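User: Hi! I have a structure open and would like to walk through it with you. Could you help me get my bearings?

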Amino acid sequence: MLIVVALMAGTVSANAESKAQPAAAEGYSVYVIPVKMTVERGLASFLDRALKEAEEAGAALAVLEIDTPGGSLASAEAIGERIRSAKIPTMAFVKGKAASAGAYIALNADRLYMSPGSTIGAAMVVNAAGEAVESPKIVSFWSKQMSSAAEMNGRDGQIAVGMVDPNAVVEVKGLNWTKPKGEIISLSADEALKVGYAEGQAETAEQAIAAEGLAELMVIHENPTLAERVSQTLTSPGISTLLLIVGIAGVLIELIVPGFGVPGILGLLSFGLYFFGQQVAGFAGRESIVLFVAGVVFIVLEMFVPSFGILGLLGGAGIVSGVVTAAFDTGNAFGSLGYALLIALALVAVTAYVFRRRGIWNRFILQERLTTEQGFVPSGDDRELLVGSEGVTLSPLRPSGVAEIGGRRVDVISSGQFLNAGQRIEVVSVDGTRILVKAVQQAE
């Protein structure tokens, strides 16, 4: 219920803020859309929403105001495809830097303007640690993507290759310079103008719009809603993995070591935030939430209803399906879920060991011993007086059975030996209702 309420609240917030944007007459407006954050999944969702509004308003131009260090290549590809498929003209205005994935986004626009002091390029592929990726397959693919985006709008594709591949030797026409091996290309505003990458320079987006002859049109500045800003943070790979770790660990700890409440609340809240971010970003549908909730229900039922593991398997499948189908990239989601599960299980193991005396397994174990030392006494039949008495087994002892001692028929147990019926025995000790006996060797 917490997850559903959070999702509904986020959806209402996003819709309310979206409707707060002013409408414009068809062909009489220009939309300015900021690209001023790391290129991640949330940015792709925001740009799609902003471009859709501009298209529905029949805007004369959509301006992408870019100032980003780059980010996810998968997100950049999705953004580039969305820009190319836009139903209205697009223009990139590089306000600060368009590096890495930001350069790819800028090159997909129909027109390109840059502010003095801004740069574009430095699109070498790096890993999460910031180290260059040397895989020829990846470098070749991304080089082709960059060159295709550049050539689509009449720009020199080889310069785009030089922005990606440090091993490429590229002649930069217009600058009388050849890029050697070991370097990558990054163009200033002046250099981009000389090599034909930029149509012009402008101090502001409004000046770039005026340079296109659209100064008289109304300018509408699109901005991310509060829900979209939160979603951009929650859908970043690091945060989404952290939410999964806390969610899995919190719920499992609450189930295994009940009574605290805090781990369970944190777990549910983390899962709620995970699905909230994915839903606002447009990645998670209601079916993902239904799968996840059903999975949790099956896991809980497995702990109380014997099903030979069937409910547990169904629950695990539901949780995994819900988390994975809610994510932007299925492959990355499986990886994040795997790391989160391993770390969460380690946390659960430590917690279960520390609080082992409070674990759920103690519900199925009789902790008290029915001994006289613990205060348990027999019902008053003076069985303790039988110690030292002899008798005979009436049934085989394997190791428990029935014997006659002192004219009384009683239940007895040996210390592990199997004795036949008719065997002479002696009472060794009496502890409550437990009568321990041993065989008596008969004289020949």
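Analyst: Happy to! One definition to begin with: helices and strands here are DSSP runs, with at least four residues for a helix and at least two for a strand, numbered from the N terminus. Please also keep in mind that this is a predicted model.

User: Good to know. How many helices and strands does the chain have?

Analyst: There are 14 helices and 15 strands in the chain.

User: And what share of the residues is buried?

Analyst: Of the 444 residues in the chain, 43% are buried. The accessible surface comes to about 22500 Å², and carbon and sulfur atoms hold 59% of that surface.

User: What about contacts between residues far apart in sequence?

Analyst: Taking contacts in the chain with a separation of 6 or more, 62% are between residues 24 or more positions apart.

User: Let's go inside. How many residues are in the largest nonpolar core?

Analyst: That core has 55 residues, and the ones with the most contacts inside it are I120, M146, L187 and Y197. Helix 2, residues 41-56, gives the most to this core, with 7 residues. Another core lies apart from it, with 21 residues that include L234, L243, F276 and F292. As general background, nonpolar side chains tend to be buried together in soluble globular proteins.

User: Back to M146 for a second. Which residues is M146 in contact with, leaving aside its neighbours within four places in sequence?

Analyst: M146 is in contact with A103, Y104, L107, A123, A160, M163 and V164. A103, Y104 and L107 are also among the buried residues of helix 4, while A160, M163 and V164 are among those of helix 6.

User: Nice link. Is helix 4 enclosed or open to the outside?

Analyst: Helix 4 covers residues 101-108, and 8 of its 8 residues are buried, so it is largely enclosed by the rest of the structure.

User: And how many residues of helix 6 are buried?

Analyst: In helix 6, residues 157-164, 7 of the 8 residues are buried, so this helix is largely enclosed by the rest of the structure as well. The buried ones are G157, I159, A160, V161, G162, M163 and V164.

User: What do those buried residues of helix 6 pack against?

Analyst: They pack against helix 4, helix 5 (136-152), strand 5 (119-121), strand 6 (170-172), strand 7 (177-179) and strand 8 (186-188).

User: Changing topic: at what angle do helix 9 and helix 11 cross?

Analyst: The axes of helix 9 (residues 226-234) and helix 11 (residues 262-280) cross at roughly 115° and come within 8 Å. The crossing is left-handed.

User: Which residues make that contact?

Analyst: From helix 9 there are A227, E228, V230, S231 and L234, and from helix 11 there are L273, F276, G277 and V280. By type, the residues of this contact divide into 6 nonpolar, 2 polar and 1 charged.

User: I'm clicking on F275 now. Where is F275 found, and is it buried or exposed?

Analyst: F275 is found in helix 11. Its relative accessibility is 0%, so F275 counts as buried; the cut-off for that is under 20%. The C-alpha atoms of F275 and L234 are separated by 9.1 Å, with their positions 41 residues apart along the chain.

User: Now the backbone. What should I look at there?

Analyst: As a general rule, most residues other than glycine have a negative phi, and most peptide bonds are trans. Here, a cis peptide bond joins R398 and P399, with omega about -5°. P399 sits in the loop between strand 11 (390-393) and strand 12 (400-405).

User: And which way does phi go for S100, positive or negative?

Analyst: Phi of S100 is positive, near 50°. S100 lies in the loop between strand 3 (90-99) and helix 4, and at 13% relative accessibility it counts as buried. A122 has a positive phi too, of about 50°. A122 is in the loop between strand 5 and helix 5, and is partly exposed, with a relative accessible area of 30%.

User: Last one: where is N420?

Analyst: N420 is in the loop between strand 13 (408-414) and strand 14 (424-431). At 59% relative accessibility, N420 counts as exposed. Leaving aside neighbours within four places in sequence, N420 is in contact with T393 and P396.

Definitions and conventions:
Residues are numbered from 1 along each chain as its sequence is written. This is a predicted model: local features need pLDDT of at least 70, side-chain atom pairs count only at pLDDT 80 or more; totals for chains, interfaces and linings use all residues. Side-chain values use heavy atoms; hydrogens and water are left out. Buried means under 20% relative accessible area, exposed over 50%, partly exposed in between (1.4 Å probe, protein chains only). Contact means heavy atoms within 4.5 Å. Accessible areas come from the Shrake-Rupley method with a 1.4 Å probe; for residues, only the protein chains shown count as cover. A nonpolar core is a set of buried Ala, Val, Leu, Ile, Met, Phe, Trp, Tyr and Cys residues joined through side-chain atoms within 4.5 Å. Axes are lines fitted to C-alpha atoms, for helices over the stretch in contact, and angles run from 0 to 180 degrees between N-to-C directions. A crossing is left-handed if the near helix is turned anticlockwise from the far one by less than a right angle, and right-handed if clockwise. Ala, Val, Leu, Ile, Met, Phe, Trp, Tyr, Cys and Pro count as nonpolar, Asp, Glu, Lys and Arg as charged, and the others, Gly among them, as polar.
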